[in-house]
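I opened this entry to keep track of what I looked up in the structure, going from a single residue outward to the core and the helix packing.

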Amino acid sequence: MTITNNQDPVLEQLTILKRQAEWTGQILLSNPLTAGAGMKILECAEQVSLSYNSPFSPKPVTFYCKQRQCPICQWRRSQRACAEMHQLFDHRPDLAEGKWIFLTLTARNCETWDLRDTLKKMKDAFQRMTRRHFWQENVLGAIRYTEVSVGQSDPNTAHPHFHCLLLVRPSMFAGNNYMSTKRWAAAWGSALQQQYTPRVQVERLQGTPQEIRAQVVNWVGYSTKARRDTPSAPWLITVTQQLKGRQLVQVSGELGTIAPQFNTEDVADVDCTAIGQQGYQGATFRWDYQSRSYYPV
Ligand SMILES: [Zn+2]
């Protein structure tokens with residue numbers, strides 16, 4: 001029996017991701033330096049079990065390769081990050097009554113072989129900025145996500161940028177403490193110690209506590225999304241090497257104290273246990289490499 005992919009939205013999503021994972025895995029397999037990662041990505045989610053008992057969305061129970069460039073595992077990381085943020089709001093509903101900012105910090109695109117050093121400089125700059133007076137006075141906590149996409153103006157380059165969720169004091173929105181986009185750009189530029197003014201985007205989250213919570217979770221998902229661009233093989237191979245061992249999520253301040261688990265990027269295997277305890281009910285599917293689709297086992 002053939003499963004048409006539109007029968008189940010999760011299976012449909014997994015099928016798209018698995019096809020992307022095959023493409024990514026084959027590229028990485030072609031270079032001895034990334035072949036190990038490529039092999040693991042090709043084996044990711046060969047067999048999946050779908051459960052409909054998850055509190056957030058149906059989750060596949062399967063073997064995950066946990067490779068950074070794996071589209072399936074990045075999707076899982078993103079789902080997990082959103083679920084953890086929901087749990088944090090469940091635990092601390094007062095946080096949804098706080099003031100939040102979604103901040104994107106960029107630097108000039110770099111050569112792919114220079115990505116590791118560029119990210120190190122950006123990370124140092126971020127830490128420098130957190131020591132500034134305006135930050136110390138107004139920012140209670142921050143979650144910083146690193147994303148690296150293909151440079152728009154030159155696809156041979158990398159575009160590293162930070163997406164940050166900041167929990168701030170109300171004072172940041174008033175009087176001399178008010179941080180406009182221009183002031184954020186100046187503060188980030190000063191921290192980067194570069195001659196140019198970097199591009200930044202600032203969005204103040206507004207609405208009811210429920211709306212604030214939904215927006216925060218939405219930005220967590222956006223900041224951790226699986227790659228949407230299609231880099232060249234050399235780009236992907238070099239960036240995979242450059243990102244190896246890098247920590248791409250960092251939580252600090254009050255948020256670091258109450259949610260240190262946000263620092264853990266690995267796709268946990270706890271899903272299996274959690275779902276099993278709830279009484280697992282699901283169907284199992286296996287990937288068919290010929291038709292590039294999932295079939296019921
Ligand atoms: Zn994977």
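**Entry 1: a strand residue**

I began with Leu 167, which lies in strand S6 (residues 157-168), bearing in mind that the model is predicted. Is Leu 167 buried or partly exposed? I counted 18 other C-beta atoms within 10 Å of Leu 167, and because burial requires 20 or more, I entered Leu 167 as partly exposed.

I then looked up what Leu 167 touches, leaving out residues up to four places away in sequence, and found Leu 95, Gly 98, Trp 100, Leu 140, Gly 141, Glu 254 and Leu 255. For one of these partners, Leu 140, I also noted the separation: 27 residues in sequence, but 5.5 Å in space from C-alpha to C-alpha.

**Entry 2: the chain as a whole**

I noted 10 helices and 10 strands in the protein, and buried residues amounting to 34% of its 297 residues. Of the contacts with a separation of 6 or more, 70% are between residues 24 or more positions apart.

**Entry 3: the nonpolar core**

The largest nonpolar core has 68 residues, and those touching the most other members are Cys 44, Ile 72, Leu 103, Ile 143, Cys 164, Leu 165 and Leu 166. Helix H3 (residues 71-91) is the element that gives the most to this core, contributing 7 residues. I checked the domain assignment as well, and the core takes at least three residues from each of domain 1 (1-64 + 269-297) and domain 2 (79-231 + 245-264).

Taking Leu 103 as one of the core members, I listed its contacts beyond the neighbours within four places in sequence, which are Cys 164, Leu 166, Trp 184, Val 200 and Val 202.

**Entry 4: two helix pairs**

How do H3 and helix H7 (residues 209-223) pack? Their axes are 8 Å apart at an angle of about 155 degrees, and H3 is therefore roughly antiparallel to H7. The crossing of the pair is right-handed. On the H3 side I recorded Ser 78, Ala 81, Cys 82, Met 85, His 86 and Phe 89 in the contact, and on the H7 side Arg 213, Val 216, Val 217, Val 220 and Gly 221.

For the second pair, I found that the axes of helix H4 (residues 115-130) and helix H6 (residues 181-192) come within 8 Å and cross at roughly 120 degrees, so I entered H4 and H6 as oblique to each other. The crossing of H4 and H6 is right-handed, and here Ala 125, Phe 126, Arg 128 and Met 129 of H4 meet Ala 187, Trp 188, Ala 191 and Leu 192 of H6.

Definitions and conventions. Residues are numbered from 1 along each chain as its sequence is written. This is a predicted model: local features need pLDDT of at least 70, side-chain atom pairs count only at pLDDT 80 or more; totals for chains, interfaces and linings use all residues. Helices (H or I, at least four residues) and strands (E, at least two) are DSSP runs, numbered from the N terminus. A residue is buried if 20 or more other C-beta atoms lie within 10 Å of its own, exposed if 12 or fewer, and partly exposed in between; C-beta atoms are placed from the backbone. Two residues are in contact if their C-beta atoms, placed from the backbone, lie within 7 Å. A nonpolar core is a set of buried Ala, Val, Leu, Ile, Met, Phe, Trp, Tyr and Cys residues joined through C-beta atoms within 7 Å. Domain bounds come from an automatic or database domain assignment. Axes are lines fitted to C-alpha atoms, for helices over the stretch in contact, and angles run from 0 to 180 degrees between N-to-C directions. Angles under 35 degrees count as roughly parallel, over 145 as roughly antiparallel, 65 to 115 as roughly perpendicular and the rest as oblique. A crossing is left-handed if the near helix is turned anticlockwise from the far one by less than a right angle, and right-handed if clockwise.
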